Amino acid sequence: MAYLAPVHRPSSVRLTLRLNLLDHREECLVLAKANRLEIWKATEEGLTMAYSKSIYGRISMLQKIQPAGSKTDHLFVGTVRAQYFTVMWNPNTHKLDTMQSFVDISQEHMRDSESRDRCLVDPTGRLLVMELYEGVLNLVKIVKPRGGKTDYLEKPEQVRISEMKVRASAFLYTHTKQPKLALLYQDARENVNLATYRMLDDKGHPNLQFDPKKNRENDLDDLCVGAMHIIPVPKGEDEGSKRYIVRNATTAKANLGGVVVLGETKFTYLDDESKAIVEYALDEAVLWAAWEPIDDRNYLLGDDYGFLYLFTILVDGATVTGMKVLKLGQVSKPTSLENLGNGVFYVASHEADNQVIQIDLGSPNYSVTVLQVLPNIAPILDFTIMDMGGREGQTQLNEYSSGQARLVTGSGGFEGGSLRSVRSGVGLDDIAILAEMEGIHKVFALHSGPSLPNDTLVVSFSTETRFFKFDSLGDIEEVNTISNLSAASETLLTYNLDNGCILQVTQHEVAIHGKSPGHRWQPPDGQIITAASGNQNYILLSSNGRTLVTLSIEQNLAEVAFQELGDDQVACIHVPQLLGDIGVIGLWKSGSISLLDLKTLKTIVSEDLRRNDGASIPRDIALTQILLPELSGPTLFVSMEDGIVLSFDVDSENCSLSGRKSIVLGTQQARLQILPRDNTTFNVFATCEHPSLIYGSEGRTVYSAVTAEDAITVCSFNSRAYPDSVVVATTNELKLSAIDNERRTHVRTLPIGETVRRIAYSAKERAFAIGAIKRELTKGQEIVTTSFRLVDEVVFGELGEPFYLPANDEIIESVIRAELPTKYGDGELVERFLVGTSFLHDGEVNIRGRLLIFGVNSDRTPYIIASHTLKGSCRCIGVLNGKIVAALNKTVVMYDYEETSRTTANLRKVATYRCATCPIDIDIRGNIIAVADIMKSVALVEYTPGVDGLPDKLEEVGRHAQQVFATSIAEVDTDTYLESDHDGNLIVLKRNREGVTREDKLRLEVLCEMNLGEMVNKIKRINVETSKDALLIPRAFVATTEGSIYLFSLIPPQNQDLLMRLQSRLASLPARSLTDSSFSAPIEFSPGNLDFDKYRSYVSAVRETNEPFRFVDGELIERFLDLDGAIQENICDGLGVRAEDLRGVVEGLRRLC
């Protein structure tokens, strides 16, 4: 059984709509992202999301309707499964209420429309038209509700039309109440024409027959063959009320109120009443992507390259005299444009970031300014899983919840292409900016009373210390000092003592303030204090880095221990608040740490930190209780100079260290700050290139990324006005923040400006290898260039020089990293990058692609070692026992690889396997190759080495005998495979080794199946160590074309029954709430009251089921936590588990992602 939960929700915006949904006085913006509806409002800070809701269906259309008597607009929503509903905003509950819903029950033999589903409402608001199938229109009349009912949409009626391949459609503006529809279509001879029809007869009833000879009012031909868009133009306000239809179109004038056909090479304006035509030839061919009106005469156009244009209709009074197009600037390639007013536009994109831009329409050059960028990682073409903790050769848990296992994706397309580093972590929300200041070294929180709350913030600089007082209302005042603390030098350490005094350590003295007289200790002449740490009993400090001194606080800073370090120096000092009076020091020369008895400075335990002949130095230390005391003892963290953080388990009895682990947080040392979590445990905040919060969860230490990229130092600040806050010092400001109580997904972007087709990660090279495709438009000709290059793993900067393939001829299809054998030297394995290509044009006979082997030189530049020509395009590559497996157009071929020197190698074919059609993906485990076929699902192929002079063999040992248009495949368990297809289904297949007959053994059985609703591009397996009683076993990450990332897990047998029955009860809950009197109000999980089982049921061109099969949807399971206690108890009645226990189970599942 399988479990699927979202890690990153869809970010691609396919549809947008501007309407008065929330308030009749203010417009809002509705976005459709796969199965999610989002409502955004304009604020002073930019667009902010006001509401978000997932629905049980993939959204295919949006339209606004204003029923009679309603002040606000209603939202019409359609899904790809022909489910339609309208919703309105409920200002009392702040939710969407379903008003009306229906399902289109059409003949299964109908062919889907050539373009996407469209929904139009005529300008008078009387008729709604849906284009769903070829040659068919669905007409729905919008009427006034009658008889106390709320329904305002009549039953849909189907109308046959002769225009089969409709490219675009629009309602025209007319003076009459007769809606008129314009259709841009392609005829049987592939000519593009424009036809117009009246939709209602004289009695106001829909025309149910669209006879092109009788009902077609206009039929315009000789249009640009690349035309894909039409723009209806409103009537002129100053136009006379009378218009005369002139039958001789050659002498008629074209007036406003017609339609513009946007072609690639020319625009055509048609006045549908006078039939007059105005044409405008473009200076160069343009592929139009979207348009949006600015006003009645000016329109904003966007093309396939992301360029914006101002399109103006030139008029003389109400007569159209010409057209003009002006190029403005470049933004993301738009799927939709929305005019937000005052020159501000929303640019929705599928292949790049979504943007809010402003166009200065008053300036002569119409400058374009980007006001806001909303990240979009769709489509994810490929991704790799980077283990941040792999530098010491240790295997780390690839748990996404840790926030340190980065998923690096190749996202976007062409100009919007980029690398995206995706991590899940803890957000840091700013409460207030305290001050703008630079050069902050440390911050400390104090309280002037006998105990908390904090009311004083101490900010330390290199030459001074500043003090800020907080009152109970949160007002802040900077003061000269508090309790006579020194302000004339840098404060290394300060904290409250239990006796009401305050201890302060500067470079020149240690002082206790608050008593009269105060007590001080100063280092010998010519020395300064370089590091210090303490508890309520002792201070451990270093003088000039060469000596260690322990001062007793009870004895008024008397020296109780002193030690010379000889030729070594102190790099860092830490005195924990637990384990009694011990201290921890890190040393420069030896690169070690030592736990000391503060009373004597004798070493209790010492640990050498350097491995593999490294020279890294410990720079910061934190010893605290991360995990619950009943589960584990304290944990020691050591921040190393090279960005690695080491952790050790500390024995509470003898302070011995064990369980060494390492994780990489960046390239420079992290500063560690302990933050209180509850009465018994603490968190550690690490500030570095990738700030992280280290905390305990479910018996393990978790590293979660924090959204504080520029943080230098932090401290806990628990004041009366700002409880449980943290103070964050950055490079240029001091701010008060609150740490999120849940993880979020953080995205870091490296713009490439090219399509990142494939990506691979090398831990040894500390780099990503990418295959990128660039397109440029030069003098109207598109030039496509492909390159192979390296990118640094941490700073995301490009390394060395790219390797370019021939322009307009060869593109990269696959890139992997592998260790291959050598025939020189010691014959050890060497790391190489394997690149598969395909040729765009037929060149030499039997050459359709190449297999390239790359090495990396000392300059970190890729160089080619071998190039092998292929008879087919190299779709994907793998390595099996040192041999290279290449999936070509119709064949899987295995090659023996012989590298004779660092710059030369040979490939020899040893075995082949003929596929059913074309392989699209392969996955290799052991000697089994799983081949995903583009039409015939999955086949398992076993490699058998030749013996006794016989050749090697690739033999089919398993097959899924169904028609499945596969997109990706990965083994997720022994003999168990996860497959995705182009219909958005996920299928788990199992090899039946125990079958009775040979046919049984060859047949792959379906264990689980579900419709995801998004096409999956890549599935990557992960290996996670789990306990025996784990709720789930994470097995793979799944990335989609809509920018979603999901975590796929297997459910252990002991949890299968509970989760399956819980899903079943939750899925039936909305229906039960309508009939069961024990429910006080209906429960609606999805707007439109759509059915969960139908939403997640398997669907393809050849087969459809009624519900998901042995697949658990994590998003539905987590909805259990949103229900009130009584409903939770109702659900648990038949499950045999208490609601409290089930809440704990679901919380555990949610924390996993």
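**Close-up 1. Methionine 935 in the loop between strands 73 and 74.** In this predicted model, methionine 935 is found in the loop that runs between strand 73 (928–933) and strand 74 (938–944). Its relative accessibility is 32%, and methionine 935 therefore counts as partly exposed. Together with Ile920 and Ile934, Met935 makes a nonpolar surface patch of about 210 Å².

**Close-up 2. An open sheet of 4 strands with antiparallel pairing.** The strands of this sheet follow the order 14-15-16-17. Strand 14 (165–172) and strand 17 (216–220) stand at the edges, and because each has a single partner strand, one side of each is left without a neighbour in the sheet. On average, and with direction ignored, neighbouring strands of this sheet are turned by 20° against each other. Strand 16 (residues 192–198) runs antiparallel to strand 17 and is joined to strand 17 by 4 bridges; in strand 17, asparagine 218 stands opposite threonine 196.

**Close-up 3. The stacked aromatic pair of tyrosine 56 and tyrosine 1095.** The structure holds 19 aromatic pairs, and one of them is formed by tyrosine 56 and tyrosine 1095, whose rings are stacked at 5.5 Å centre to centre with 20° between the planes. Tyrosine 56 belongs to the loop between strand 5 (46–54) and strand 6 (59–65), whereas tyrosine 1095 belongs to helix 3 (residues 1092–1096), so the pair ties together parts that are 1039 residues apart in sequence. Tyrosine 56 and tyrosine 1095 are both buried.

**Close-up 4. The edge-to-face pair of phenylalanine 267 and phenylalanine 311.** The ring centres of phenylalanine 267 and phenylalanine 311 lie 5.1 Å apart and the ring planes stand at 85°, which is over the 60 degrees required, so this pair is edge-to-face. Phenylalanine 267 sits in strand 20 (residues 266–270) and phenylalanine 311 in strand 24 (residues 307–316), and the pair links these distant parts of the chain, 44 residues apart. Phenylalanine 267 and phenylalanine 311 are both buried.

**Close-up 5. The aromatic cluster that includes phenylalanine 267 and phenylalanine 311.** Beyond the pair shown in the preceding view, Phe267 and Phe311 form one aromatic cluster with Tyr280, Trp288, Trp291, Tyr299 and Tyr309. Within this cluster, the rings of phenylalanine 267 and phenylalanine 311 supply the edge-to-face pair described above, with phenylalanine 267 placed in strand 20 and phenylalanine 311 in strand 24.

Methods: Residues are numbered from 1 along each chain as its sequence is written. This is a predicted model: local features need pLDDT of at least 70, side-chain atom pairs count only at pLDDT 80 or more; totals for chains, interfaces and linings use all residues. Side-chain values use heavy atoms; hydrogens and water are left out. Patches are made of residues with over 30% relative accessible area and no salt bridge: like charges are joined within 9 Å, nonpolar side chains (Val, Leu, Ile, Met, Phe, Trp, Tyr) within 5 Å. Accessible areas come from the Shrake-Rupley method with a 1.4 Å probe; for residues, only the protein chains shown count as cover. A salt bridge is a side-chain nitrogen of Lys or Arg within 4 Å of a carboxyl oxygen of Asp or Glu. Helices (H or I, at least four residues) and strands (E, at least two) are DSSP runs, numbered from the N terminus. Buried means under 20% relative accessible area, exposed over 50%, partly exposed in between (1.4 Å probe, protein chains only). Two strands pair if DSSP finds at least two bridges between them. Axes are lines fitted to C-alpha atoms, for helices over the stretch in contact, and angles run from 0 to 180 degrees between N-to-C directions. Rings of Phe, Tyr and Trp (its six-membered ring) pair if their centres lie within 6.5 Å; planes under 30 degrees apart count as stacked, over 60 as edge-to-face and the rest as tilted.
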